[in-house]
Amino acid sequence: MDARHFDPDAGTDVLIAGAGPAGCAAAIVCASAGLRTVLAERLAGPVARPGEALHPGAETVLARLLPGGFADAVGARHEGITVGWGTEPRFEPFGRDGNGPWRGFQVDRRRLDALLLDRARAAGAEVRLGCRVREPVVERGAVTGSDSTVRPRRCAPVPSSTPRAAPAG
C-alpha cells in the first residue's frame with residue numbers, strides 16, 4: 001500500500017506522540033518505509049524556542065532527513081561549547097580532522113521544526129497538530145491504540161516493551 005494514500009479509519013501502524021525533531025525523524029523513517037504513520041503534536045504548529053545549539057554530528061542526520069537542505073534554519077556556526085557545571089567555565093572544542101575543526105551550529109527551532117513537519121507529510125505521515133496523545137489503550141498486554149484530544153485511534157496490536165503500560169503524561 002502506498003503510504004501517501006490510506007484510509008485514516010483503516011488503522012495506523014505507528015502513532016508518534018510529539019512532533020519535535022525526534023518525533024518528526026521517526027515519522028519520516030516510518031512513513032518512508034510504507035508504514036501508516038500518524039504524528040500527533042499537542043501544539044498548533046511550530047513555535048519560537050530558545051536558540052538550539054547542535055553538535056556537528058547532527059548535520060549528517062539532518063542531511064538524511066531533509067535532502068532538500070536545512071540552511072534556512074541554520075544561524076551561527078561554532079567550533080565547540082563552553083561547559084562549567086560546578087567548575088570554572090571552559091571551552092571544549094568538538095574536535096577536528098584533516099579538513100579542520102568540526103563546527104556545530106545554532107538553529108532556529110521554529111524553522112527547523114517546520115521543515116521536518118513538511119518532510120514528514122511528504123513522506124506520507126498524517127500530521128495532526130493540536131492533538132495531545134493522553135495515554136495508550138492497552139488490551140491483553142498490548143498497546144492497541146491511544147486516547148487523544150481529537151479522536152481515539154485504533155492500531156494494530158504491538159507487544160508492550162514494559163511489564164505493564166502506564167498512562168503517558
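In the predicted model, Phe105 is buried, with a relative accessible area of 0%. This residue belongs to strand β9 and takes part in an aromatic pair with Phe70, which lies in the loop between α2 (58-65) and β4. The structure holds one such pair. The ring centres of Phe70 and Phe105 are 6.1 Å apart and the ring planes stand at 35°, so the pair is classed as tilted, given that planes under 30 degrees apart count as stacked and those over 60 as edge-to-face. Because Phe70 is in the loop and Phe105 in the strand, the pair ties together parts that are 35 residues apart in sequence. Phe70 likewise counts as buried, at 10% relative accessibility; the cut-off for this class is under 20%.

Strand β9 (residues 104-107) also has two pairing partners. With strand β3 (residues 52-54), β9 pairs in the antiparallel sense over three bridges. Within this pairing, Phe105 is the bridge partner of Leu54, so that the residue of the aromatic pair that lies in β9 is also placed opposite a residue of β3. Strand β4 (residues 74-78) is joined to β9 by three bridges, and these two strands run antiparallel. Here Gly104 of β9 is the bridge partner of His78.

A separate set of pairings is parallel. Three strands form an open sheet in the order β1-β2-β10. The edge strands of this sheet are β1 and β10 (126-129), each of which pairs on one side only. On average, neighbouring strands of the sheet are turned by 15° against each other, direction ignored. Strand β1 (residues 14-17) is joined to strand β2 (residues 37-41) by four bridges, the two running parallel. Across this pairing, Val14 stands opposite Thr37 and Ile16 stands opposite Leu39. The same two residues of β1, Val14 and Ile16, make up the covered face of the strand, whereas Leu15 and Ala17 form the uncovered face.

Helices lie across this sheet. Helix α1 (residues 21-32) combines with β1 and β2 in a right-handed β-α-β unit. The helix lies across both of these strands and runs at about 165° to β2. Helix α3 (residues 109-123) lies across β2 and β10, with an angle of about 140° to β10. Strand β2 is thus crossed by α1 and by α3.

A further local feature involves strand β11 (residues 133-139), in which Val137 is found. Val137 is partly exposed, with a relative accessible area of 26%. In sequence, Val137 and Asp147 are ten residues apart, and their C-alpha atoms are separated by 6.7 Å in space.

Considered as a whole, the protein has three helices and 13 strands. Of its 169 residues, 33% are buried. Among contacts with a separation of 6 or more, 59% are accounted for by residues 24 or more positions apart. The accessible surface of the protein comes to about 10100 Å², and carbon and sulfur atoms contribute 54% of this area.

Technical notes: Residues numbered from 1 in each chain as written. Predicted model: local features only at pLDDT ≥ 70, side-chain atom pairs only at ≥ 80, totals over all residues. Heavy atoms only, no water. Buried < 20%, exposed > 50% of the residue type's maximum accessible area, 1.4 Å probe, protein only. Pairing = 2+ DSSP bridges. Right-handed = clockwise from strand over helix to strand, strands pointing away. Axes fitted to C-alpha atoms, helices over the stretch in contact; angles between N-to-C directions. Contact = heavy atoms within 4.5 Å. Phe/Tyr/Trp six-rings, centres within 6.5 Å; stacked < 30°, edge-to-face > 60°. Areas by Shrake-Rupley, 256 points an atom, 1.4 Å probe, with all protein chains shown as cover.
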